[in-house]
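Reader: I keep getting lost when I look at a whole protein at once. Please pick one part, stay with it, and show me how the rest connects to it.

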Amino acid sequence: MTDRHKKLLYSASILIFLLFCGLTGWYIGVPMVRFAENPEQFQSWVDASGLWSRVIFIGMVVLQVLVAFIPGEAIELAAGYAFGGMEGTVLSMVGIVVGSCIIYLAVRKFGVKMVEVFFSKKSISEVSFLKNPKKAKVLAFLLMLIPGTPKDFLSYFAGLTSLTLSQWLKIVVIARLPSVLTSTLTGAAAGEEQYGLAVLMLIVTALLSAAGILYYRKICKEENEAIKPDDLAA
């Protein structure tokens, strides 16, 4: 295969993936989120579907991770409402890990063009400090742990760093667990009609997310100002 044919195949693959994500997000993702936002309807579906509801739910989470613009909070809240805090957390984490694994391998295969399908070059350059192998693990863990940071974006960017797949998946599991658990426990509290607790947890989560967004911007700014060209070349 010539270089020209390889470039054409590469471009076609990216376009097909972009079209797939767009159509999937519109025809499946949007209805899926609306469905999850109706907890009573979601609960009825879970009760009627039995074990299959767990399998399908994991697929919903995988889709949400892959199609970055589908919000995950409503799905996690619905998981807590329908499955309970603990089971909802486990199912959500399984979907997140599978989705993160697929993204990592796809980015390793197609490179930065894969990331640019969803995110601007400016966003990518803001976290270019994660390419520094000396800081990648610590900073990636910190950014995935802090509420409010763009975790779906970081999942795509991880494939461009020096992190191995096993290192990345360990970071995903440990760092994302607290926020997922918070969301599912909030949903579980609402399911048990503990509305005061559910509202309180939502308020605390919103405040932490707002603080996390500000801290994320601060980290990006400080790290990019301190970075040395040799660090990225390493």
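Author: What follows is a close look at one helix, α5, and at the residues that meet it.

Keep in mind that this is a predicted model. Start with the setting. The protein has 12 helices and zero strands. Read along the sequence, the pattern is therefore α repeated from start to end: α-α-α-α-α-α-α-α-α-α-α-α. There are 234 residues, and 42% of them are buried. The exposed surface comes to about 12500 Å². Carbon and sulfur atoms supply 68% of that area.

Now zoom in. Helix α5 covers residues 85-110. How many residues does α5 have, and how far does it reach? It has 26 residues and spans 37 Å from its first C-alpha to its last. At 1.5 Å a residue, the expected span is 38 Å, so the model comes close to it.

Begin with E87, which lies in α5. Its side chain meets that of R54 in a salt bridge, with N and O 2.7 Å apart. How many salt bridges does a search of the whole structure find? The count is one. R54 belongs to helix α3, so the pair ties together parts that are 33 residues apart in sequence. Are these two partners buried, exposed or something in between? E87 has 31% relative accessibility, so it counts as partly exposed. R54, at 23%, is partly exposed as well. The reason is the cut-off: buried means under 20% and exposed means over 50%, so both values land in between.

While you are at α3, glance at L51. Helix α3 runs over residues 51-66, and L51 is part of it. L51 has 68% relative accessibility, so it counts as exposed. Together with W52, V55 and I56, L51 forms a nonpolar patch on the surface. The four have about 470 Å² of accessible area together.

Go back to α5 and move on to S100. Is S100 buried or exposed? Its relative accessibility is 0%, so it counts as buried. Set aside residues up to four places away in sequence, and S100 touches V65, S155, W168, L169 and V172.

Follow one of those contacts, W168. Apart from neighbours within four places in sequence, W168 is in contact with S100, Y104, A140, M144, L154, S155, A158 and L163. Notice S155: it is on the list for W168 and on the list for S100. W168 also has a place in the largest nonpolar core, which holds 49 residues. Which members touch the most others there? They are F57, V127, L130 and W168. And α5 has its own stake in this core: it gives seven residues, the largest share.

L130 leads to another spot. A136 lies in helix α8, residues 136-145. With 2% relative accessibility, A136 counts as buried. Beyond its close sequence neighbours, within four places, it is in contact with L130, S162 and L163. The C-alpha atoms of A136 and S162 are 7.4 Å apart, though 26 residues separate them along the chain. L163 is shared too, being a contact of W168.

Return to α5 and go to its end. F110 lies in this helix. F110 is partly exposed, because its relative accessible area is 25%, between the 20% and 50% limits. How far is F110 from G159 in space? Their C-alpha atoms are 9.7 Å apart, with their positions 49 residues apart in sequence. After α5 comes G111, and its phi is positive, near 80°.

Last, step back to the whole chain. Take contacts with a separation of 6 or more: residues 24 or more positions apart account for 80% of them. Pairs of C-alpha atoms tell a similar kind of story. G191, in helix α10 (residues 165-191), is 113 residues from A78 in sequence but 9.1 Å from it in space. G191 is partly exposed, at 33% relative accessible area.

So keep three stops on α5 in mind, because each one has its own cover: E87 is partly exposed, S100 is buried, and F110 is partly exposed.

Methods:
Residues numbered from 1 in each chain as written. Predicted model: local features only at pLDDT ≥ 70, side-chain atom pairs only at ≥ 80, totals over all residues. Heavy atoms only, no water. Patch = residues over 30% accessible without salt bridge, like charges linked within 9 Å, V, L, I, M, F, W, Y side chains within 5 Å. Areas by Shrake-Rupley, 256 points an atom, 1.4 Å probe, with all protein chains shown as cover. Helix = DSSP H or I, 4+ residues; strand = E, 2+ residues; numbered from the N terminus. Buried < 20%, exposed > 50% of the residue type's maximum accessible area, 1.4 Å probe, protein only. Contact = heavy atoms within 4.5 Å. Core = buried A, V, L, I, M, F, W, Y, C linked by side-chain atoms within 4.5 Å.
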